[in-house]
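Work through the exercises below with the sequence and the model side by side, and try each task before you read its solution.

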Amino acid sequence: MRAIVTGATGFIGIALCKELLEQLYEVTAVIRPGTKKREKLERSLSENRFAQNHLRILELPLDQLTDLSEKYHIEADVFFHLAWNGSSGSDREIFEVQYKNLQYTANAIQAAKACGCTKIIGAGSQAEYGVVHGIAREEKTVPRPFMMYGAAKLAAYHMGKVLAEQIGITFVWPRIYSVYGVGENQGTLVNYVIHTLKKGEVPQLTSCENMWNFMYITDCVRALRILGEAPHAEGIYHVASKDARMLKDFVKEIRDVIAPTGQLQFGAKACDLSRTFWMEPECDRLYDLSFECRVDFANGIQSIGVSEI
């Protein structure tokens with residue numbers, strides 16, 4: 001199998017490239033020109049001997065994805081479009097930043113078709129739903145995003161689906177929930193709690209009384225690969241674990257793994273309930289493809305703790 005991956009230097013992108021190469025894919029990794037993260041990608045894949053001859057890294061702007069076929073003559077079977085500008089921080093609320101991603105999504109779909117791909121897998125988000133109290137179902141729950149990022153992801157799904165139908169390529173839209181693991185970005189809740197406890201300090205938290213769902217990074221990228229391989233996979237899939245519970249329970253479990261005698265300060269920070277995610281996804285569509293999570297939350301946290309010693 002041959003795959004193209006945009007956003008290949010991101011947390012999920014690096015892990016996906018690794019997963020694909022381990023499954024003997026030929027991978028074309030598309031990254032931002034001049035990015036300092038190229039070394040991280042290369043370092044992460046350096047131990048994979050298959051990668052030496054079956055990984056090609058291309059520095060290419062998202063508005064020039066047509067060069068994949070026209071200039072580089074890349075041929076592939078499946079296209080994973082993970083790249084997204086403004087996926088964190090204040091950029092998530094800037095219209096001009098988010099709006100450009102709609103064109104980049106269209107560029108990716110057209111490039112995928114031109115490279116001979118039969119399927120393109122995007123990277124949706126649970127942020128498309130906004131605040132949903134109760135179980136979120138792919139084809140039934142009405143999305144009501146409250147931030148520009150979620151609204152742009154939702155628009156990318158609707159417009160991408162129509163464009164894919166117009167040009168004749170299968171379109172899969174994984175709505176990815178909360179992914180954690182070794183190599184995750186700084187500033188996440190998991191990262192903060194682990195580092196604070198390791199320093200012998202007390203994490204300052206909100207009440208954490210909202211439902212949450214964590215999925216380990218290797219399970220996430222295996223799910224994406226399966227969506228690319230499953231012949232009849234199409235449309236929206238929740239990419240999440242079946243372990244949905246109160247966020248407070250997850251935080252306590254982090255404490256129990258990292259520093260069993262450590263203290264946690266719940267309620268120290270205020271939160272706006274109208275902008276607090278409630279993650280309780282129905283995942284039957286994904287699991288019906290013979291997918292199962294292999295890493296439970298405690299073992300995932302243990303892996304992060306060991307990696308940082």
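**Exercise 1.** Find out whether the radius of gyration of the protein chain agrees or disagrees with that of a compact globule.

*Solution.* We begin with the length of the chain in this predicted model, for a compact globule of 309 residues would have a radius of gyration near 19 Å. The protein chain has 19 Å, and therefore the value agrees with the globule rule. As a further step, we can note that the C-alpha atoms fill a box of roughly 60 × 45 × 40 Å along the principal axes, and that buried residues make up 52% of the 309 residues.

**Exercise 2.** Decide whether Cys-208 is buried or exposed, and do likewise for Ser-290.

*Solution.* Cys-208 lies in the loop between helix H7 (189–198) and strand S9 (211–216), and its phi is near 55°, a positive value in a residue other than glycine. Its relative accessibility is 2%, and because buried means under 20%, Cys-208 counts as buried. Ser-290, which lies in the loop between helix H10 (284–287) and helix H11 (297–307), also is not a glycine and has a positive phi of about 65°. Its relative accessible area is 69%, and since exposed means over 50%, Ser-290 is exposed.

**Exercise 3.** Which residues gather with Arg-32 in a patch of positive charge on the surface?

*Solution.* We first locate Arg-32 in the loop between strand S2 (26–31) and helix H2 (38–44), where its relative accessibility of 47% makes it partly exposed. The residues that join Arg-32 in the patch are Lys-37, Lys-40 and Arg-43.

Conventions: Residues are numbered from 1 along each chain as its sequence is written. This is a predicted model: local features need pLDDT of at least 70, side-chain atom pairs count only at pLDDT 80 or more; totals for chains, interfaces and linings use all residues. Side-chain values use heavy atoms; hydrogens and water are left out. Patches are made of residues with over 30% relative accessible area and no salt bridge: like charges are joined within 9 Å, nonpolar side chains (Val, Leu, Ile, Met, Phe, Trp, Tyr) within 5 Å. Accessible areas come from the Shrake-Rupley method with a 1.4 Å probe; for residues, only the protein chains shown count as cover. A salt bridge is a side-chain nitrogen of Lys or Arg within 4 Å of a carboxyl oxygen of Asp or Glu. Lys and Arg count as positive and Asp and Glu as negative; His and the chain ends are not counted. The place of a charge is taken as NZ of Lys, CZ of Arg, CG of Asp or CD of Glu. Helices (H or I, at least four residues) and strands (E, at least two) are DSSP runs, numbered from the N terminus. Buried means under 20% relative accessible area, exposed over 50%, partly exposed in between (1.4 Å probe, protein chains only). The radius of gyration is taken over C-alpha atoms; the globule rule is 2.2 Å times the number of residues to the power 0.38.
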